[in-house]
Amino acid sequence: MSSDPAQEAGALGGGNGQLQEIGIDGTAAGPGRPAREEAEAAVRTLLRWAGDDADREGLRDTPARVARAWEEFFAGYAIDPKALLERTFSETEGYDEMVLLRDIRFESHCEHHLAPIIGCAHVAYLPKHRVVGISKLVRVVEAFARRLQIQEKMTVQIANTINDVLEPNGVAVVVEAAHQCMTTRGVHKPGVSMVTSCMLGQFRSNASTRREFLSLVGTPQGTSNHHA
Ligand SMILES: [Zn+2]
């Protein structure tokens, strides 16, 4: 958790060319990417569409602030999640038991309403040959969370990335989150959280391994459908 994600992406990017995406921070701007001024003008349009006066003092700097906030919210596009996991440690003394990182808090945004998704992820894997620094697992979660998401896709992306790079004996990911598009609009149901999971390898094939993981994580409460 030491360095800035964008910096890290810059340092590691281009490694194997996987998942090279256009970054919102301008480091990897593609031909179709609008200029900052255009983004700010779009925010101004929305302010006026909401019914307010975009020129009043309180709103004058809002388009610039929103653009800066979006750079933070969507910093994940500039990060190659696979590159984050490429530095591994092989001197593990044969450790092949579960490595579990619990309660990784994240903030994301739903791709349907741009509303915040706030929750936590539990990530586990069964090392075969290599282990990775645990902060890297946090960074993989962040790299996918800081994009426009649906929770189901994010859960699978995290699991597949760990599976593809570390090639472990199994990967398990459980994500629990509250969707503000459900709590502040639409059905207006606060207190509902959505739980998604992805089990690969031995977590899928071996019921006792899966049970051990789920008991360590604690049984997630309150499953619900997104966008009910
Ligand atoms: Zn939504």
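The predicted model shows a chain with 10 helices and 7 strands. Of its 228 residues, 32% count as buried. Contacts that reach far along the sequence are well represented: among those between residues at least 6 apart, 74% join residues at least 24 apart. A newcomer to this structure may find it easiest to begin with the sheet and then turn to two pairs of helices.

Five of the strands can be followed across one open sheet, whose 5 strands are arranged in the order β5-β2-β3-β6-β7 with mixed pairing. The edges of this sheet are formed by β5 and by β7 (194-201), each of which pairs on one side only. As background, strands of a sheet pair through backbone hydrogen bonds, and they may do so in a parallel or an antiparallel way.

Strand β3, made of residues 116-126, is a helpful place to start. This strand is mostly covered, with 8 of its 11 residues buried. In the sheet order, β3 stands between β2 and β6, and its pairing with each of them can be described in turn.

On one side, β3 pairs with strand β2 (residues 99-110) in the antiparallel sense, over 9 bridges. Several residue pairs trace this partnership. H109 stands opposite P116 of β3, the bridge partner of F106 in β3 is G119, and L100 lies opposite A124 of β3. The two strands also form a hairpin, with 5 residues between β2 and β3. Within that turn, L114 has a positive phi of about 60°.

On the other side, β3 meets strand β6, which spans residues 170-179. This pairing is antiparallel too, and 10 bridges hold a place in it. One of the pairs is that of L126 with G170, its bridge partner in β6.

Which strand runs parallel to β2? That strand is β5 (residues 148-149), joined to β2 by 2 bridges. Here H109 appears again, since its bridge partner in β5 is L148. H109 of β2 thus has a partner in each direction: P116 in β3 and L148 in β5.

Attention now turns to the helices, beginning with α2 (residues 36-50), the helix in which V43 has its place. Is V43 buried, exposed or partly exposed? It is partly exposed, because 19 other C-beta atoms lie within 10 Å, whereas a buried residue would need 20 or more. Leaving aside residues up to four places away in sequence, V43 touches T62, P63 and V66. T62 is 19 residues from V43 along the chain, and the C-alpha atoms of the two are separated by 8.1 Å.

These contacts of V43 belong to a wider meeting of helices. Helix α4 (residues 62-73) packs against α2 with the axes 8 Å apart and at an angle of about 120°. The two helices are therefore oblique to each other, and α2 passes α4 in a right-handed crossing. From α2, the contact is made by R36, A39, E40, V43, R44 and L47, and from α4 by T62, P63, A64, V66 and A67. By type, the residues of this contact divide into 7 nonpolar, 1 polar and 3 charged.

A second pair of helices is formed by α6 (residues 134-145) and α7 (residues 151-166), whose axes come within 10 Å and cross at roughly 140°. This angle makes α6 oblique to α7, because an angle has to be over 145 degrees to count as roughly antiparallel. The crossing of α6 and α7 is right-handed. Its contact is made by V140, V141, F144 and A145 of α6 together with M154, Q157, I158, T161 and I162 of α7. Those residues divide into 7 nonpolar, 2 polar and no charged.

Taken together, the description joins the open sheet of 5 strands, in which β3 has antiparallel pairings with β2 and with β6, to two oblique helix pairs, α2 with α4 and α6 with α7.

Terms used. Residues numbered from 1 in each chain as written. Predicted model: local features only at pLDDT ≥ 70, side-chain atom pairs only at ≥ 80, totals over all residues. Buried ≥ 20, exposed ≤ 12 C-beta atoms within 10 Å, placed from the backbone. Helix = DSSP H or I, 4+ residues; strand = E, 2+ residues; numbered from the N terminus. Pairing = 2+ DSSP bridges. Contact = placed C-beta atoms within 7 Å. Axes fitted to C-alpha atoms, helices over the stretch in contact; angles between N-to-C directions. Parallel < 35°, antiparallel > 145°, perpendicular 65-115°, else oblique. Left-handed = near helix turned anticlockwise from the far one by under 90°. Nonpolar A, V, L, I, M, F, W, Y, C, P; charged D, E, K, R; others polar.
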